[in-house]
Amino acid sequence: MSMSFVQIPVRRWLAGVLATAVVALGLIAVEPSPRAGQAAACTGTSGVTVVVDYGSLGGGVQVACALGDPATGLAALQGAGFTVTGTQRWGLGFVCRINGQPTAATEPCVNTPPASAYWSYWHASGSGAAWTYSTLGATSYNPAPGTVEGWSFGAGVAPSITAP
């Protein structure tokens with residue numbers, strides 16, 4: 001009898017540990033994997049075109065397409081195939097790195113970066129339209145299919161190319 005008395009609490013304890021581990025793993029993987037994007041501007045309203053300008057970091061400009069209707073600017077950025085790192089304080093609510101830029105040696109991404117060196121967020125209503133600085137963060141803005149999202153690193157300067 002003493003053996004079954006010991007086995008029941010141990011089994012309950014193991015079940016509790018296993019349930020806690022499953023919940024913890026679920027919390028770590030909250031951010032869904034982005035859909036694979038296309039390495040060119042979207043055609044028509046097939047998705048949201050995303051422009052990332054690395055110019056002030058010594059790189060060029062990348063253009064990709066987030067197919068479908070991404071719910072947020074962040075989802076469009078990730079859906080176009082870009083990797084995003086947020087800050088330790090604000091998470092992905094504040095984009096600190098896109099595709100590893102700027103490097104951790106330049107910007108540790110603890111808090112918000114300085115006003116002279118951050119990823120500014122822009123919108124254009126379509127191909128050839130003027131860039132407009134976003135008044136909302138990327139997690140709050142819902143881009144429509146056929147529009148263009150722009151990201152430019154520096155002191156709040158629009159992407160260096162015309163919206164494709």
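Here is a short chat about the predicted model shown above.

Visitor: What does the secondary structure of the protein come to?
Guide: Two helices and seven strands. Along the sequence they follow the pattern α-β-β-α-β-β-β-β-β.

Visitor: Where does Thr49 lie, and why is Thr49 called buried?
Guide: Thr49 sits in strand β1, residues 47-53. Its relative accessible area is 3%, and buried means under 20%, so Thr49 is buried. Across the protein, 34% of the 164 residues count as buried.

Visitor: What makes the link from the side chain of Thr49 to the backbone nitrogen of Cys42 a polar contact?
Guide: The side chain of Thr49 reaches that nitrogen of Cys42 at 2.9 Å. The cut-off for a pair of N or O atoms is 3.5 Å, so 2.9 Å falls within the limit.

Visitor: Which residues does Thr49 touch, leaving out those up to four places away in sequence?
Guide: Among them are Ala41, Cys42, Val63 and Ala64, and also Thr147, Val148, Glu149 and Pro164.

Visitor: How many aromatic pairs does a search of the whole structure find?
Guide: Five. In one of them, the rings of Tyr54 and Trp119 have their centres 5.6 Å apart and their planes at 90°.

Visitor: Why is the pair of Tyr54 and Trp119 called edge-to-face?
Guide: Centres have to lie within 6.5 Å for a pair, and planes over 60 degrees apart count as edge-to-face. With 5.6 Å and 90°, Tyr54 and Trp119 meet both conditions, so the label follows.

Visitor: What parts does that pair tie together?
Guide: Tyr54 is in the loop between β1 and β2, while Trp119 is in strand β5, so the pair ties together parts that are 65 residues apart in sequence. Both Tyr54 and Trp119 are buried, and with Phe153 they form one aromatic cluster.

Visitor: How do you know that Tyr121 and Tyr141 are an edge-to-face pair too?
Guide: Their ring centres are 6.3 Å apart, with planes at 80°. That is within 6.5 Å and over 60 degrees, so Tyr121 and Tyr141 qualify. Tyr121 lies in strand β5 and Tyr141 in the loop between β6 and β7, so this pair joins parts 20 residues apart in sequence.

Visitor: Why is Tyr121 called buried but Tyr141 partly exposed?
Guide: Tyr121 has a relative accessible area of 5%, under the 20% limit, so Tyr121 is buried. Tyr141 has 26%. Partly exposed lies between the 20% for buried and the 50% for exposed, so Tyr141 counts as partly exposed.

How values were computed:
Residues numbered from 1 in each chain as written. Predicted model: local features only at pLDDT ≥ 70, side-chain atom pairs only at ≥ 80, totals over all residues. Heavy atoms only, no water. Helix = DSSP H or I, 4+ residues; strand = E, 2+ residues; numbered from the N terminus. Buried < 20%, exposed > 50% of the residue type's maximum accessible area, 1.4 Å probe, protein only. Polar contact = N/O pair within 3.5 Å; in protein donor to acceptor, adjacent residues only side chain to side chain. Contact = heavy atoms within 4.5 Å. Phe/Tyr/Trp six-rings, centres within 6.5 Å; stacked < 30°, edge-to-face > 60°.
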